[in-house]
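Colleague: Could you take me through one part of this model closely? I'd love to hear what that part touches, both inside its own chain and across to its partner.

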Number of protein chains: 2
Amino acid sequence: MIRETVERYRAYLEKLRAYSHATGLMRYDMNTVMPKGAGPIVGETFGVLSEVVYDMVTAPEVDAMQQEILAHRDEVDPAIVRTAELAAEERARIACIPKAEYVQYTVDQTTADQVWHEAKLKSDFQMFLPHLEKLIAAKKRFAKLYKPDAPVYDTLLDAYEKGLNTVTLDAFFQTVRERLVPVIAKIQKQPDISFLHRFYPIADQRRFSDYLMDVLGLDKNHCAIGETEHPFTTEFTKYDVRITTHYHEDAVELSMYSVIHEGGHATYERNIADGIAKLPIGKGVSMSVHEGQSRFFENIIGRSEPFIEAIFPKMRELFPAQLSDVAAHDVYVAVNKAEPSFIRTEADELTYALHVMVRYELEKRLFDGDLEAKDLPKEWNRLYKEYLGVDVPDDRRGVLQDSHWASGLFGYFPSYALGSAYGAQLIKRIEKEVDVWGSVRKGDLKPVVAWLTEHIYRFGCMKDPSVLMEEAFGAPFDPTYYTDYLTKKYSALYHLA
Amino acid sequence: MIRETVERYRAYLEKLRAYSHATGLMRYDMNTVMPKGAGPIVGETFGVLSEVVYDMVTAPEVDAMQQEILAHRDEVDPAIVRTAELAAEERARIACIPKAEYVQYTVDQTTADQVWHEAKLKSDFQMFLPHLEKLIAAKKRFAKLYKPDAPVYDTLLDAYEKGLNTVTLDAFFQTVRERLVPVIAKIQKQPDISFLHRFYPIADQRRFSDYLMDVLGLDKNHCAIGETEHPFTTEFTKYDVRITTHYHEDAVELSMYSVIHEGGHATYERNIADGIAKLPIGKGVSMSVHEGQSRFFENIIGRSEPFIEAIFPKMRELFPAQLSDVAAHDVYVAVNKAEPSFIRTEADELTYALHVMVRYELEKRLFDGDLEAKDLPKEWNRLYKEYLGVDVPDDRRGVLQDSHWASGLFGYFPSYALGSAYGAQLIKRIEKEVDVWGSVRKGDLKPVVAWLTEHIYRFGCMKDPSVLMEEAFGAPFDPTYYTDYLTKKYSALYHLA
């Protein structure tokens, strides 16, 4: 009886996987190859397919299967139980939204994303505003339908990181602000990093990317690299992962760290257990944990001195003229230059969390406070001045810089800061069990990846993110690991008292 | 009553378009970006989606709608009537196939395509053989289910070009063979084309491609260009057309004519009437007519002296060192060098049809004669020797060279030769109404494209291909236009008596 239900459920899940594969690929294509004029047609196709998916996931038969599986949880493969559990939660989130609104939202979101690209190019916030307002209104409505009594922003945060709320985040950012702002303030003399901005031909940078993917242990047979304006990672099961980067001929470090960052995401996905890979739970568990991994490889490993020492010979080989007068230590110092700026994705490790804090403050007030979308540019610029001390020159380099809001991703940004903090606590734990720096210095990331696979990657969504991370840490989350790590690293780099 | 049916039918067609968009994009991705190891998963996704599509197009309600529309054809938009008419035919073709077999076939086809890529690299026909046999067996079974009494190969030919059969093709190829083989035999002294094989950096060739797309009038906002091993064109409505090319640093003419060839396909699609663009009939009407257009631009226009004169200044600008000692006339002579060879896609205009003839003979015997798939390499090589006088060095450059059979495209090849012949008859008609060569010499293809749009492109599938072409020719199809055109062109080029 239950066995037959599980079989039907598996067939349903395989069908759902195929749809999510197809729509995921369309989104990837839209951001890579698609000629821009095709936008409206893709929007229509999304509309049709998302209606089908809505019907599938909200179907009473599916609900019945899930409930039956949950009622017989002891007799069923735990991976299927977990899938049913999370799907039932997701169903509750979606089923409360009227179908027409749900479909309209996916169409609006596709349009908003396209308009944002153009608006950013033109630095024209007004052009983007009505689309942004539509998405915000829909997100508010959806959140209220799902949890009428909860603050909207908490509901949004919870969607990316189960259990996360503004109480936790307020405390987190307060710690970050209190402990890091004084460090930033002490920085005086900046290193000369002009050698990073010599002419680095794209063809050679492409070879550098291939090398970095090798170092990360990414198999080209299952992980493709492409080029886009905004680097990102996407996956259609662990067997098909795509990362992208953006080459700048006059700034070699930008693509270098995009590849390592996106490669960190890819490493997570590639090491999910095969047994759950094709199920909906066969993916990274939350945005914070995911960004935690990408930023772990980008910063804690990728911006460490042992890592730079390991890859420096290859850099010299690929860029002999550009690096002829430079030593590994100079590269280490240069890629860690800390200076307040206005672009989040190009921000250094030390000031990064402040960029996120600006977005967090704005989102909180946008959804549960008195901030209106039309006032975002003014408030954005004011907070950048207050937190980072910089004057934002225009909306292109201000409020329009990130793609997230255009994709309806509100409540996502805190993941970046939280993820960074996870990494700092994690490395302390890994160091106890593995010779991290000895291996990294040899360019060997295998022991670290193996540890992360054992404690995090293989589980996919089998555990809630907070449980997963607490077990990996061997202790509750503590943001002071992060502030301590940064304070120590930057005090040494900048010889601070 | 009928109005309500038409509305429901339109909604159904929009859904069908979305699915074909999604699966088309997956196929495109598979051939461009997808990491190879993802093949099996994509096969599974195809299986799921093709089952959904099978259910849709064979649903009794859809059949009922189509029949009702056809019964009220005078009251309904002719585009919808035509769609229902062709869909009813297509339904008959598919509905006779048991669903499980249909789904299995799409999965097998995806696998065969992937194996073929590897088999070709390794020049290993045995590796590909079992997959090829599976596809041939399925195609035979499907053809017999659809038309139990017709020769299988005629049924296959008809699927690509309505009404085409071996009687027509036997006569066509006989004319081609009788008239062209003597011309080929007379060619003695070959021109020096070594300047085409100097070093042409890919970055500069990319700029050349962009220029050629401009000359063809292709709007980058709706037509993307990518790079693949085997150039091809695909479209998801006229608003999203993709062409690809392959750059060879030591043979500039290869990508040049790939871009013009694929650009010809794209020009056809881009000029379908907007009113039918999103319907299933909003695409090129048949493979012959499509290949006719691509080969028209590639050869009749693109390999004409006026065209070379028009683009030569730009070539000199992009490749100053490579072309410093060369005149436009030298390029014209070089790109028209005729010499029997073993690769169809690199064959010259004169010997091209003989490559197709080999495939036609083999396909005919494979489906309605005594040829078995395992004997293909031997027979392939024998016919190449007989028709073209060349010794095929290995299967990679022999029977494994084309992707068509691996995609289940049997009966497709004749389209290439027939299409070439269409072009030769077409140009005679266009010359009477438009100053073709005066415009081409100025690099202006607009008058030619406008004529073709008026007489061919805009109709999409509104007319049967034979009717469409006969109306465009203003006369029945006559293959001697083709043989006369080639005889005249090559007699002048090679100073033949």
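**The first helix and its contacts**

Modeller: Happy to! In chain A, the domain assignment (automatic or from a database) gives domain 1 (2-131) and domain 2 (167-493). This is a predicted model, in which local features need pLDDT of at least 70 and side-chain atom pairs count only at pLDDT 80 or more, while totals for chains, interfaces and linings use all residues. Residues are numbered from 1 along each chain as written, with chains lettered from A and ligands numbered from 1 in the order written.

Within chain A, 24 residues of domain 1 are in contact with 27 residues of domain 2, contact meaning C-beta atoms, placed from the backbone, within 7 Å. On the domain 1 side, the largest share, nine residues, comes from H1(A); helices are DSSP runs (H or I, at least four residues), numbered from the N terminus.

Now to the partner chain. H1 (residues 2-32) of chain A and H1 (residues 2-32) of chain B have axes that come within 10 Å and cross at roughly 65°. Those axes are lines fitted to C-alpha atoms over the stretch in contact, with angles from 0 to 180 degrees between N-to-C directions. The contact is made by Ala22, Leu25, Met26 and Asp29 of H1(A) and by Ala22, Leu25, Met26 and Asp29 of H1(B).

As for the interface of the copies, 100% of the interface residues of chain A are also interface residues in chain B, so the copies meet through the same surface.

Methods: Helices (H or I, at least four residues) and strands (E, at least two) are DSSP runs, numbered from the N terminus. Two residues are in contact if their C-beta atoms, placed from the backbone, lie within 7 Å.
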